[in-house]
Amino acid sequence: MTLTLTLREQPAVALETEGLCPDRLSGASREEIEGFTVWHGNERTRLGEFFAVSGSGDDVRIEGDLRRVKFVGADMSAGRLTIAGDVGMHAGAGMEGGELVVEGDAGDWAGAGMRGGRLVVRRSAGRQLGGVYPGERAGMRGGEIVVHGDAGAQAGAGLRRGLIAVAGRVGDAAGLRMLAGTIVALGELGARAGAGMRRGSIVTMAPAMPLATFVFSCVYRPPFLGLYLRRLRALGLSVSDAQLEGRYARWCGDSLELRRGEILILSPPAGGQASTSRRGAGRPAEVTNS
C-alpha cells in the first residue's frame with residue numbers, strides 16, 4: 001500500500017519538514033504522523049496542520065504544491081518517496097539510501113551532501129545540485145542523481161563520490177572544486193566547468209571550451225564511460241548510440257590543483273566540426289582504444 005500525504009494549501013512562508021521520509025513514516029500511526037514536528041517560518045507546529053494523511057506502507061507519496069516546503073526526503077536511508085509535483089529547497093539532502101522521485105522541478109540544494117540512494121528529478125533542478133554546504137569539506141559523497149531537464153549553476157560543487165547526470169543544460173561552474181566522482185551533461189555545459197577540481201570526470205555531449213587551466217590530452221574512447229551511459233539509458237535518459245560509441249576529447253585540469261581531473265567532450269564524426277578550437281601546437285596524437 002501507499003502512504004499519501006496531501007498538502008492542504010501552500011504555506012504562507014517556508015515550511016521545514018526535516019525527517020519527512022519513509023524511514024520515519026513507516027510503521028507510524030496516522031496520529032503519530034500528524035503529530036510530527038515541522039517549522040513554519042520560526043513557528044514550531046504539527047505536520048497535521050498542513051498535510052492530510054491517508055493509507056499506509058513504505059511507499060510514500062506527497063501531493064500538492066511543495067515549492068515552499070523544504071527538506072523533503074532529507075536524510076532518508078530506505079524506501080521510496082514520490083513527490084507529485086514541484087518541491088522546495090534541500091530535497092533529498094544528506095540521503096543515504098532509497099529512492100526519491102520528484103515528478104516536477106526541484107529547488108536549490110537538491111541532493112546536497114548525499115551519501116547514497118537515488119534522486120530522480122523528472123523536470124529541472126535549481127542551483128547547487130548535489131552541492132557542498134558552507135563550512136563542509138565535501139558535497140555529495142555517494143549515490144546517483146538523475147535530472148531529466150536542466151540543472152542550475154554549481155551542480156556537483158565539492159563532489160567527492162557518486163554520479164550526477166543531467167539530460168539538458170548544466171549551469172555555470174559545474175564541478176566547482178570537485179574532489180572526485182562523475183558529472184554527465186547530455187546537453188550543454190556552462191562556463192567555468194571544473195574550476196578548481198582535483199579529480200573526477202565531467203562529461204559533455206555538446207561543444208565546450210574548458211578553462212585556460214586545462215590542457216588538451218588526446219581523443220579516445222573512455223572505457224568507463226560506456227558503462228555509465230548504459231546505466232543512464234536504463235534509468236530513462238536519452239543516450240544515443242553515437243554517444244555510447246563515440247570518442248571524446250580529454251582535457252586535463254585544473255592545473256591549479258595538479259591537473260588530475262578531466263573534462264571529456266564528445267568529438268564529432270570524422271570530417272565534422274571540431275568540438276573545441278583551443279588546440280594549439282603540439283597536440284597529442286589520437287589514441288586508438290576500441
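Glu16, Glu18, Asp23, Asp75 and Glu96 together make up a negative patch on the surface of this chain. The model is a predicted one, so please read every value below in that light. One member of the patch, Glu16, also sits in strand E2, and that makes a handy way into the sheet described here. That open sheet has four strands in the order E4-E3-E2-E7, and its pairing is mixed.

**The patch residue in the sheet**

- Glutamate 16 belongs to strand E2, and its bridge partner in E3 is tryptophan 39.
- With a relative accessible area of 30%, glutamate 16 counts as partly exposed, because that class lies between the limits of under 20% for buried and over 50% for exposed.

**The sheet and its edges**

- Reading across the open sheet, the strands come as E4-E3-E2-E7.
- The edges are held by strand E4, residues 43-46, and strand E7, residues 69-70, each of which pairs on one side only.

**Strand E2 against strand E3**

- Strand E2 (residues 15-16) and strand E3 (residues 37-40) run antiparallel and are joined by two bridges.
- Leucine 15 has histidine 40 of E3 opposite it, while glutamate 16 is partnered with tryptophan 39.

**The two faces of strand E3**

- Side chains alternate along E3: Val38 and His40 point to one face and are buried.
- Thr37 and Trp39 point to the other face and are not buried.
- Two of these residues have already appeared as partners of E2: the buried His40 stands opposite leucine 15, and Trp39, which is not buried, is the bridge partner of glutamate 16.

**Strand E3 against strand E4**

- Four bridges link E3 and E4, and the pairing is antiparallel.
- Valine 38, one of the buried residues of E3, has threonine 45 as its bridge partner in E4.
- The two strands form a hairpin with two residues between them.
- In the turn of that hairpin, glycine 41 has a positive phi of about 65°.

**Further along the chain: Phe216**

- Is phenylalanine 216 buried or exposed? Its relative accessible area is 8%, and because the limit for buried is under 20%, phenylalanine 216 is buried.
- Phenylalanine 216 lies in strand E15, which covers residues 215-220.
- Glutamate 262 is 46 residues away from phenylalanine 216 along the chain, and their C-alpha atoms are separated by 9.6 Å.

Key:
Residues are numbered from 1 along each chain as its sequence is written. This is a predicted model: local features need pLDDT of at least 70, side-chain atom pairs count only at pLDDT 80 or more; totals for chains, interfaces and linings use all residues. Side-chain values use heavy atoms; hydrogens and water are left out. Two strands pair if DSSP finds at least two bridges between them. Patches are made of residues with over 30% relative accessible area and no salt bridge: like charges are joined within 9 Å, nonpolar side chains (Val, Leu, Ile, Met, Phe, Trp, Tyr) within 5 Å. Accessible areas come from the Shrake-Rupley method with a 1.4 Å probe; for residues, only the protein chains shown count as cover. A salt bridge is a side-chain nitrogen of Lys or Arg within 4 Å of a carboxyl oxygen of Asp or Glu. Lys and Arg count as positive and Asp and Glu as negative; His and the chain ends are not counted. The place of a charge is taken as NZ of Lys, CZ of Arg, CG of Asp or CD of Glu. Buried means under 20% relative accessible area, exposed over 50%, partly exposed in between (1.4 Å probe, protein chains only).
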